[in-house]
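Student: I'd like a close look at one part of this model, please. Could you take me through it step by step and then show me how it sits in the rest of the chain?

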Amino acid sequence: SSGINAEWPLRPGEEKRLRELEEARRRAAEEEAKRQAEKEKLEKERLEREKKEREEKLRKEQEERDRMIAISISEDNKAAVVKEEEAETKKSVKLNKNNIKDWKYSELREIINTSCDIELLEVAREEFHRRLKAYQQWKSVNKKEKSTDCDSALIPLL
């Protein structure tokens, strides 16, 4: 055997004992190698798991940043759309300030209640009051006509 020195004289039974010792050392070395391999395997798995966790954390952080950027862009786009709509409304209002007399009562009321354009508000109020005066004048004229018609009906004909 490889672990036994052939130059030394061996007593009976020693050869067997030496073989057993050599076998025990070999098994211990194999077990130590297995333990070391298992330890290295576990360390490798731990490092891989930590790497995956770091990558997952970085991915989630990036997704959160992307989400925040998307929200910011969305809000900017909404603001731009609102500004664009306001600009279009102001443009159409400026065109319509000249022909505000053609507007419906509901449009006048909406402008008076919601507009921030002071010039437009004043023009709308003036038009509203002009219409109100015209209505009140029409109402009083019709009331007088009704009352004269009623008065003549009450006067007995002789």
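Student: Let's start from one side chain: is R35 buried, partly exposed or exposed?

Tutor: Happy to help! Keep in mind that this is a predicted model. R35 counts as partly exposed, because its relative accessibility is 48%, and that class ends at 50%, above which a residue is called exposed.

Now look at the partner of R35. The side chain of R35 forms a salt bridge with E32, and the closest N and O atoms are 2.8 Å apart. E32 counts as partly exposed too, at 41% relative accessibility. Why do these two meet? They are 3 residues apart in helix α1, so about one helical turn separates them.

Once you know what to look for, you can find further pairs along this helix. Helix α1 covers residues 14-97. Go to E15 and R19, which form a salt bridge with closest N and O atoms 1.9 Å apart. Both residues lie in helix α1, 4 residues apart, or about one turn of the helix. E15 is partly exposed at 33% relative accessibility, and R19 is partly exposed at 44%.

Further along, R67 and E64 meet in a salt bridge, with 2.8 Å from N to O. These two are 3 residues apart in helix α1, so they too are separated by about one helical turn. For R67 the relative accessibility is 42%, which counts as partly exposed; for E64 the value is 37%, again partly exposed.

Salt bridges can also join up. In this model, E23, R26, R27 and E30 are linked in a network of them. The count for the structure comes to 13 salt bridges.

Let's step back to see where helix α1 belongs. The chain has 3 helices and 0 strands, and reading along the sequence gives the pattern α-α-α. After helix α1 come helix α2, residues 105-114, and helix α3, residues 118-154.

Next, try the nonpolar side chains. As a general rule, nonpolar side chains tend to be buried together in soluble globular proteins. Here, the largest nonpolar core has 6 residues: I100, W103, L108, I111, L120 and A124. Helices α2 and α3 each supply at least two residues of this core. Across the whole chain of 158 residues, 8% count as buried.

There is a charged residue to visit here as well. E127 lies in helix α3, and E127 is buried, with a relative accessible area of 4%. Setting aside residues up to four places away in sequence, E127 touches I100, K101 and L108. Two of those names, I100 and L108, also appear in the list of core residues. Compare E127 with E32: the first is buried at 4%, while the second is partly exposed at 41%.

While you are looking at this part of the chain, turn to the aromatic rings. The structure holds 2 aromatic pairs. In one of them, the rings of Y105 and F128 have centres 5.8 Å apart and planes at 35°, so the pair is tilted. This pair links distant parts of the chain, with Y105 in helix α2 and F128 in helix α3, 23 residues apart. Y105 is partly exposed, with a relative accessible area of 45%, and F128 is also partly exposed, at 25%.

Nonpolar side chains turn up on the outside too. L132, Y135 and W138 make a nonpolar surface patch of about 330 Å². W138 lies in helix α3, and W138 counts as exposed because its relative accessibility is 53%. Put that beside R35: at 48%, R35 is still partly exposed, since a residue must be over 50% to be exposed.

Two values for the whole chain round off the picture. The chain exposes about 14,400 Å², and carbon and sulfur atoms supply 55% of that area. Among the contacts with a separation of 6 or more, residues 24 or more positions apart account for 30%.

So, back to where you began: R35 is partly exposed and paired with E32 through a salt bridge, about one helical turn away in helix α1.

Technical notes
Residues numbered from 1 in each chain as written. Predicted model: local features only at pLDDT ≥ 70, side-chain atom pairs only at ≥ 80, totals over all residues. Heavy atoms only, no water. Patch = residues over 30% accessible without salt bridge, like charges linked within 9 Å, V, L, I, M, F, W, Y side chains within 5 Å. Areas by Shrake-Rupley, 256 points an atom, 1.4 Å probe, with all protein chains shown as cover. Salt bridge = Lys/Arg side-chain N within 4 Å of Asp/Glu carboxyl O. Buried < 20%, exposed > 50% of the residue type's maximum accessible area, 1.4 Å probe, protein only. Contact = heavy atoms within 4.5 Å. Phe/Tyr/Trp six-rings, centres within 6.5 Å; stacked < 30°, edge-to-face > 60°. Core = buried A, V, L, I, M, F, W, Y, C linked by side-chain atoms within 4.5 Å.
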